[in-house]
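Colleague: I would like to go through this model with you, beginning with its overall layout. Could you take my questions as they come?

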Amino acid sequence: MRRREFLTTTSALMGGTLLYGVTGPALAQAEPVRGGTLIWGHSETTQNLDMHQTGTASTGRVLQNVHDSIVTVDKDLNVIPNLAESFEQSEDGLTYTFRLRSDVMFHNGEKMTSADVKYSFERCANPDTGAVNFEVFNAVESIETPDDLTVIVTLGEVNAPFLSRLAENGAGVVMPEGSGEEQGNAPVGCGPFRFVRREFGNEVELERFDDYWGGPAYLDKVIAREITEPTVRLTGLRTGELHMINDIPADRIAEIEADGDLQVVSWFPLNWDFVNFNHDFEPFQNPKVREAFDYMIDKEVLLEGALWGQGATTASPSYPTSASYKEELGQRPQDFEKAKALLAEAGYGPNELSVVFKVTTNYPYHVESAQIMLEWFRMAGVDASIEQLTWSDWLSQVWVDKDFQISMMNFFTLWEPDFLYYSLWNTEGAFNYRKISNAQIDELTAKARVTVDPAERAAIYKDVQQVIHDETLDVILWFRNGTIGAQPSVQGLDTIVHPNGSNLQFHKVWLAES
Amino acid sequence: MSYLLNRLFSMVLTLFLISAITFAVTNILPGDVAMMIMGTQSNPEALAGLRESLGLNDPLLVQYGRWIGGMLTGDWGTSLVFKEPIAPLLLQKMTASGLLVLFSMTIALTCAIPLGVWAAVHANRWQDTAASSTAMLGVSLPDFFWGIMLILLFARGLGWLPSSGFVDPADDFGGAVRHALLPSLALGLGLMAHLTRMTRATMTGILNQEFIRVARAKGLNESTVVWRYGLANAVGPVMTVAGLQIGYLFGSIIVIESLFNYTGMGWLTYQALLNRDIPLIQASVFVIAAVVMLSNLIVDLLYAVVDPRIRLS
């Protein structure tokens, strides 16, 4: 389904940023009931359970229910109070004062105070912790706690994205003081569910935390069975062993939707994909060659072929309903003549350019996409071949060593534009594995970082997108849909997806009597 | 006794060599565990910090010494990726795989021995053809095919057994058996075919030997001849093959484990390798190697029990 179509069919239904579609039967019981154990077929294996140290979406998806962050976002991605009942920023943009709620209890029975916040922030910032998001605190000069419910964070320089980065558990999570050592295999937080146990590689058990400050959840327990094989997950759903599964394989969605006994929840977007050029590889130093490759790709056909149409093409990687999304930016159409002409202008005649496409088997649809693109590259007179890499090989060759010519990757919707554009396209960006170095982008992304006015910031990021597109720094392909399949008894599915599009929250989910 | 001591000594030596080779090879592989933990969230600064905190910057000999020292003092360490203590993790996965191996071996032997004997007794007649064809079918089709068929029939169709998952027998023995049954059947079918062919071949040879003719000439009834005289002599070779299969199964049941989401030793070792989690790789390979060697040793010792002609020295 195209994005606009998705928008018109579903936004009337749900509204908001995350666009839902629900098909199939749901048992008609309007009043939520308490009780029951929900068994969820989780598509991935959880790793290190320490919220600071884990970089995987799979673990974050489960821990979303165990932890809470100091602030959070609403469905329109505005930063709103959470564990802090209010927050304010000084006029010079350097001081943030958080006033904490007085009724937050941790799962260990302790009450949350400002000391826990200070401990959590300092632990994340400490390089010895090995925290994935430690750079969020790079500009922090001091964290003061004048009383039990006040935290004052002072920055050495303006860092506009600071507050919104705290809205995600990775940096903004509050853990009990001194609990760092145990977080890795027995996480303790103040979320709606208490971690009970993990049978590694098998299942994670969560139990309702009755003293949750946001009111107790409906479910007694959530058991997340880790089932990485999509067909095994689907069989479990069909036999009734599982109440719900996430990530239905794209080629099986139509079949499940047609099944009158199951519900399908799909939302937009889950993540986005792009094709990468190594800007150190001589031919790709010439923007004409990069543009030529863009002209070889029919994005709509590719979406259909590799993802069975489960997503929407886009030329902008900004969160689709965010202020910085440049909707008017169109993708280049497929045009082999133009592609050949551009290659000729760059000095490459037919079959004079050969490239190797490195793609990871970790994402099977990337392999399928590369195979389709390979044919198009050949039709445009490029001698192309594919090298399939395991995840660890891809990370080591492409991400760390930058030893590739052309590749493909996806990212979860990094809705904070600084996190997205600075990290990926600034010369100094942490995720700039394509060795991109563009003076305009560097200047714009640095300027946005110290621009506090939201409208002004959004305008800068739109300019960034224009440069990415004009210079074909990468080829942005599409946003991919997220999906859940569920038994009719599972209710409250409209609340299950976190505004970030990846995490699942079970606070308001309940089981109807079937 | 000195035979046993010798064997145990050579086992220790082999295990030490295996651990050194595993350590060397996993360090040659591209990428490291820090990269796998951070994935596409990593940046050079954070990676460097994580490497330091995991002790990956220490010289290789120091890292290996640390591991072997830990092993000798009973400290198997903690998985770097999953932050789980390794010893209980291995115990749990060994229990899971052990249950599968035990069940599939029981299923295989219970069916294979009578079938193989039946085929040998009726050599070159229709019974032989029927038994051999059944065995051939079992060997020719991969175990994941049987797995899918069993899921379709018993889980999807009849709804008698769960399609996936593992339950710890300490928590719920009945549940553990129910969860292990389908994967064990899938494994057991291929194994059974193998052992049927082995039993048939051995028994055919034995039934043509002089002492069997003498037994028959003495007027002993046929079942005594076949089961008491024939099979007693065939048990040795069949046991050897079965014993080798036990060790092999522990490391190779990964396909069936994935198909049934029954996470055992095969799965754990594969995860450890994929994630370059060196302490976990070391420990899993070590345990699998020890199991293979121990099962071989036990088979050799049993040989002396079932065949008094054999003296171990």
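Modeller: A word on terms before the layout: the domain bounds used here come from an automatic or database domain assignment. The model itself is predicted.

Colleague: Which domains does the assignment give for chain A?

Modeller: Domain 1 of chain A is assembled from 3–43 + 192–262 + 487–511, domain 2 covers 68–183, and domain 3 covers 272–480.

Colleague: What separates the centres of domain 1 and domain 3 of chain A?

Modeller: Taken over C-alpha atoms, the two centres are 32 Å apart. Nine residues of domain 1 of chain A are in contact with ten residues of domain 3 of chain A. On the domain 1 side, these are three nonpolar, four polar and two charged residues.

Colleague: Turning to the two chains, how many residues of each are in contact?

Modeller: On each side there are 38: 38 residues of chain A are in contact with 38 residues of chain B. The elements of chain A that give two or more residues to this side are α7 (230–239), α13 (391–400) and β17 (406–412). Of these, α13(A) gives the most, with eight residues.

Colleague: And what is the class make-up of the chain A side that touches chain B?

Modeller: That side has 15 nonpolar, 16 polar and seven charged residues.

Colleague: How do α7(A) and α7(B) pack?

Modeller: Helix α7(A) and helix α7 of chain B, residues 143–157, pack at an angle of about 30°, with their axes 10 Å apart. Angles under 35 degrees count as roughly parallel, and the two helices are therefore roughly parallel to each other.

Colleague: Which residues meet there?

Modeller: From α7(A), A:T235, A:R238 and A:T239 meet B:I151, B:A155 and B:R156 of α7(B). By class, this contact has two nonpolar, two polar and two charged residues.

Colleague: Back within chain A, at what angle do α9(A) and α11(A) pack?

Modeller: Helix α9 (residues 287–296) and helix α11 (residues 336–345) of chain A pack at about 165°, and their axes are 8 Å apart. They are therefore roughly antiparallel to each other, and α9(A) passes α11(A) in a left-handed crossing.

Colleague: Which residues make that contact?

Modeller: Helix α9(A) contributes A:K288, A:V289, A:E291, A:A292, A:Y295 and A:M296, while α11(A) contributes A:F336, A:K338, A:A339, A:L342, A:L343 and A:E345. They divide into eight nonpolar, no polar and four charged residues.

Colleague: A different topic: in what order do the four strands of the open sheet in chain A run?

Modeller: The order is β5-β6-β8-β7, with antiparallel pairing. Strands β5 (84–89) and β7 (140–147) of chain A stand at the edges with a single partner strand each, so one side of each has no neighbour in the sheet. From one strand to the next, the twist averages 15°.

Colleague: How many bridges join β7(A) to β8(A)?

Modeller: Five bridges join β7(A) to β8(A), residues 150–155, and the two strands run antiparallel. Within this pair, A:V140 stands opposite A:L155 in β8(A). Helix α3 (residues 114–125) of chain A packs on the sheet, touching β6 (95–100), β7 and β8 of chain A, and its direction makes about 165° with that of β7(A).

Colleague: Finally, the backbone. Is the peptide bond from A:F268 to A:P269 cis or trans?

Modeller: That bond is cis, with omega near 0°. A:P269 is placed in strand β13 (residues 263–277) of chain A.

Colleague: What is phi of A:D247, and where does this residue lie?

Modeller: Phi of A:D247 is near 55°, a positive value in a residue other than glycine. A:D247 lies in the loop between β12 (244–246) and α8 (253–258) of chain A.

Terms used:
Residues are numbered from 1 along each chain as its sequence is written. Chains are lettered from A and ligands numbered from 1 in the order in which they are written. This is a predicted model: local features need pLDDT of at least 70, side-chain atom pairs count only at pLDDT 80 or more; totals for chains, interfaces and linings use all residues. Two residues are in contact if their C-beta atoms, placed from the backbone, lie within 7 Å. Ala, Val, Leu, Ile, Met, Phe, Trp, Tyr, Cys and Pro count as nonpolar, Asp, Glu, Lys and Arg as charged, and the others, Gly among them, as polar. Axes are lines fitted to C-alpha atoms, for helices over the stretch in contact, and angles run from 0 to 180 degrees between N-to-C directions. Angles under 35 degrees count as roughly parallel, over 145 as roughly antiparallel, 65 to 115 as roughly perpendicular and the rest as oblique. A crossing is left-handed if the near helix is turned anticlockwise from the far one by less than a right angle, and right-handed if clockwise. Two strands pair if DSSP finds at least two bridges between them.
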